[in-house]
Amino acid sequence: MESNSKTIAWFRRDLRIEDNPALAAAARNGSVLPVFIWCPKEEGQFYPGRVSRWWLKQSLIHLEHSLKSLGAELVFIKAQSTLSALLECVDAVGATKVVYNHLYDPVSLVRDHNIKQKLGELGISVQSYNGDLLNEPWEVYNDDGKVFTTFDAYWEKSLCMQNEPVSHLPPWRLTQAAGSVKMCSIEELGLENELEKSSNALLGKRWAPGWSNADKALTEFVENNLLAYSKDRLRVRGNSTSLLSPYLHFGEVSVRKVFNSVRLKQILWTKEGNCVGDKSANLYLRAIGLREYSRYICFNFPFTHERSLLNNLKFFPWNANQAHFKAWRQGRTGYPLVDAGMRELWATGWVHNKIRVIVSSFFVKFLVLPWQWGMKYFWDTLLDADLESDIIGWQYISGSLPDGHELERLDNPEVQGFNYDPEGDYVRHWLPELARMPAEWIHHPWDAPLTVLKAAGVELGINYPNPIIDVDVARDRLMQAIFIMREKEAAVNASDANGTIEVVFDNSENVGDSTNPKDVVKGKVPCPSSSSYDQRVPSMGNVCMNKKRPKPEEETKQLKDNGLSCKNEGKMSNVDGDLCSTAESSSMKKQMTNSRNSFSVPRAVSMSYDRKTFDDEASSHVKLQKEEEIDTEINSCKNGKAQTL
């Protein structure tokens with residue numbers, strides 16, 4: 001390779017120096033221009049929420065200092081078009097190559113493929129690398145060359161494919177590519193506005209973004225907390241998990257390094273006969289596998305951010321009740337564990353994975369609200385918001401995955417409260433109005449004697465709401481909705497007996513006999529680059545159908561541990577509840593027009609955006625109006641101070 005060549009190193013969610021294959025390749029090729037391009041317009045409906053943007057800003061500042069110490073300045077560009085910004089950088093320094101690491105979400109897949117094509121047509125070499133996964137999504141297939149649609153089968157195959165650990169050493173020195181590039185400061189990117197700064201300052205008391213801090217967090221977890229992970233991981237309060245998920249999302253630590261660090265510990269414990277350590281390592285590696293699987297599914301079935309992987313929800317009669325959606329967001333459903341989880345999310349941008357499972361299950365099964373709404377709200381409010389993990393998590397809860405929750409299953413929040421918060425400490429912390437309730441009644445205050453309620457200062461329906469819906473009523477309504485769904489599906493199947501209804505290959509419009517996604521068969525897809533590391537694009541050709549998922553054996557089956565994907569839960573600070581919500585802040589950034597055949601996510605959650613119909617009946621009339629701001633009733637979230645949970 002020519003030592004005088006100039007390479008654009010395009011950073012995205014790979015904000016680290018160590019084990020960064022694109023940066024390592026650029027450093028070997030001569031001079032480098034490190035670039036971060038912020039294009040809010042291209043983020044569309046998935047414009048990041050406030051706390052997520054705060055993390056991104058801090059991580060970029062950290063990366064900027066690291067690159068400067070190596071001899072190269074990170075160029076910040078705010079643009080209307082990523083492609084145009086890259087072309088301006090190429091022209092400014094006379095670059096001959098652009099390198100970057102892969103992303104797998106639907107927005108990035110389309111953008112990256114177009115950019116690679118356009119640059120290739122202009123004679124600019126483009127090479128992309130795997131900096132985010134153990135195995136690329138197009139590398140893992142079953143023996144017939146088809147895509148896996150269950151996690152256990154996928155993960156077993158992935159583990160068998162693991163070779164010798166691969167790591168890209170950080171460059172010792174970088175040479176800045178000469179040239180004048182129009183750039184802006186980190187503040188001019190607009191990742192944080194003035195109204196957000198006071199609340200964001202609280203985040204810095206509990207979190208330390210940046211790749212070197214990610215390395216410290218990994219070491220702390222592996223050396224001090226991994227051993228007890230199997231025992232502690234279900235504690236909904238306290239430091240019970242690794243807290244690595246935001247670092248992994250922004251690529252501040254490579255998943256290869258996390259995997260290898262845990263695996264080495266596991267090997268040591270196995271030799272010592274330490275069964276507890278071996279179990280803990282296995283469970284944590286499985287969590288890493290779920291993150292891998294989320295990208296695998298989203299790549300091979302790129303419609304999953306809008307529609308279920310299985311066809312079972314195509315005719316489901318969702319209840320698009322805006323008032324219920326608001327009550328859920330505010331933590332005023334009348335079910336203490338659900339409300340505590342939503343108050344914590346509102347105040348901190350963080351909740352334990354078990355709580356994520358509980359609140360999302362309540363959302364779908366009790367309130368029968370569209371899972372896409374919940375997924376978008378999580379995206380807007382979580383500090384570790386990760387689109388692929390959110391997609392898999394919400395589809396898992398909605399019974400949309402072959403190995404997910406059964407749609408018929410309805411878990412009682414009261415029972416879950418006694419299982420995961422037996423003394424009520426978590427509820428008392430986030431629901432101060434219930435702080436004096438005895439543990440015996442705290443998860444079902446509506447059953448408490450009047451004398452107990454009076455002594456605790458609880459006035460149901462006044463300072464704490466009555467349950468938004470009775471458990472038995474919710475179960476009956478869910479069963480009725482499933483019955484309606486199956487009737488509609490049967491009617492459509494009967495009308496298509498002669499094959500008159502068109503079937504398309506993205507699985508979303510198929511109304512045929514099977515409920516499983518079509519298998520994608522491995523195949524070569526042309527890509528405009530000569531690199532052996534090329535990112536492929538999804539292909540839906542040569543498909544066949546799997547067998548239907550078996551019916552649930554019993555409704556009370558214990559909740560599966562793999563829950564909402566690889567979200568490592570933990571603790572963080574309170575955030576000032578007087579400011580507008582993350583979701584509303586996100587909505588003000590972007591306004592888009594709904595298509596005629598679409599449903600709207602309420603603007604209190606996100607900006608409007610085009611969607612294909614998720615239910616033929618509902619799409620004709622579900623046009624939700626703008627909702628008022630979140631009530632100031634949630635006094636536990638107001639004027640919050642940093643607290644240790």
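Two residues are in contact when heavy atoms of theirs lie within 4.5 Å. With that in mind, begin with the whole chain of this predicted model: among the contacts with a separation of 6 or more, 81% are accounted for by residues 24 or more positions apart. Colour by secondary structure and 22 helices and five strands appear, and of the 645 residues of the chain 60% count as buried.

**The nonpolar cores**

Select next the largest nonpolar core, which has 147 residues, and pick out L60, L189, Y284, F316, W328, F366 and M437, the members that touch the most others. Helix α12, residues 275-300, supplies the largest share of this core, with eleven residues. Centre the view on L60 and display its surroundings: beyond its neighbours within four places in sequence, L60 is in contact with L15, F36, L74, F76, I186, L189 and L191. Another core, of 22 residues, lies apart from the largest one, and to find it you can select I8, W10, C89 and I124, which are among its members.

**From strand β1 into helix α1**

Move now to the loop between β1 and α1 and select D19, which has its place there. The phi of D19 is near 50°, a positive value in a residue other than glycine. Most residues other than glycine have a negative phi. Is D19 buried or exposed? Its relative accessibility is 3%, and because the cut-off for buried is under 20%, D19 counts as buried.

Continue to helix α1, residues 21-28, which is mostly covered, with six of its eight residues buried. Those to select are P21, A22, L23, A24, A25 and A26. To see what surrounds them, add the strands β1 (5-11), β2 (30-38), β4 (97-101) and β5 (125-129) together with the helices α3 (50-70) and α11, since the buried residues of α1 pack against these elements. After α1 comes G30, whose phi is positive, near 120°.

**The pair α11 and α12**

Two packed helices are described by the angle between their axes and the distance between the axes. Select helix α11, residues 255-272, along with α12; the two pack at an angle of about 160°, with their axes 9 Å apart. That angle makes α11 roughly antiparallel to α12, and the crossing in which α11 passes α12 is left-handed. Show side chains on both helices: from α11 the contact is made by V255, V258, F259, V262, R263, Q266, W269 and T270, and from α12 by G277, D278, A281, N282, Y284, L285, I288, R291 and E292. By class, this contact has nine nonpolar, four polar and four charged residues. Y284 of α12 has already been met on this tour, as one of the core residues that touch the most other members.

G277, which takes part in the contact from α12, also leads to a stop elsewhere in the chain. Select A228, in the loop between α8 (211-225) and α9: its C-alpha atom is separated by 7.3 Å from that of G277, although the two residues are 49 residues apart along the chain. At 23% relative accessibility, A228 counts as partly exposed.

**A loop residue with positive phi**

Step next to the loop between α9 (229-232) and α10 (245-249), where L243 is found. The phi of L243 is near 60°, again a positive value in a residue other than glycine, and L243 is buried, with a relative accessible area of 15%.

**The pair α16 and α17**

How many of the residues of α16 are buried? Eleven of its eleven residues are, and the selection to make is W371, Q372, W373, G374, M375, K376, Y377, F378, W379, D380 and T381. Now add helix α17, residues 387-397, which packs with α16, residues 371-381, at an angle of about 145°, with the axes 10 Å apart. Here α16 passes α17 in a right-handed crossing. The contact is made by W371, G374, M375, F378 and W379 of α16 and by L387, D390, I391, W394 and Q395 of α17, and by class it has seven nonpolar, two polar and one charged residues.

**The last stop**

Finally, select L401, in the loop between α17 and α18 (413-420). L401 counts as buried, at 3% relative accessibility. Adding L310 to the view shows a residue 91 residues away along the chain, with a C-alpha atom separated by 6.2 Å from that of L401.

Definitions and conventions: Residues numbered from 1 in each chain as written. Predicted model: local features only at pLDDT ≥ 70, side-chain atom pairs only at ≥ 80, totals over all residues. Heavy atoms only, no water. Core = buried A, V, L, I, M, F, W, Y, C linked by side-chain atoms within 4.5 Å. Buried < 20%, exposed > 50% of the residue type's maximum accessible area, 1.4 Å probe, protein only. Helix = DSSP H or I, 4+ residues; strand = E, 2+ residues; numbered from the N terminus. Axes fitted to C-alpha atoms, helices over the stretch in contact; angles between N-to-C directions. Parallel < 35°, antiparallel > 145°, perpendicular 65-115°, else oblique. Left-handed = near helix turned anticlockwise from the far one by under 90°. Nonpolar A, V, L, I, M, F, W, Y, C, P; charged D, E, K, R; others polar.
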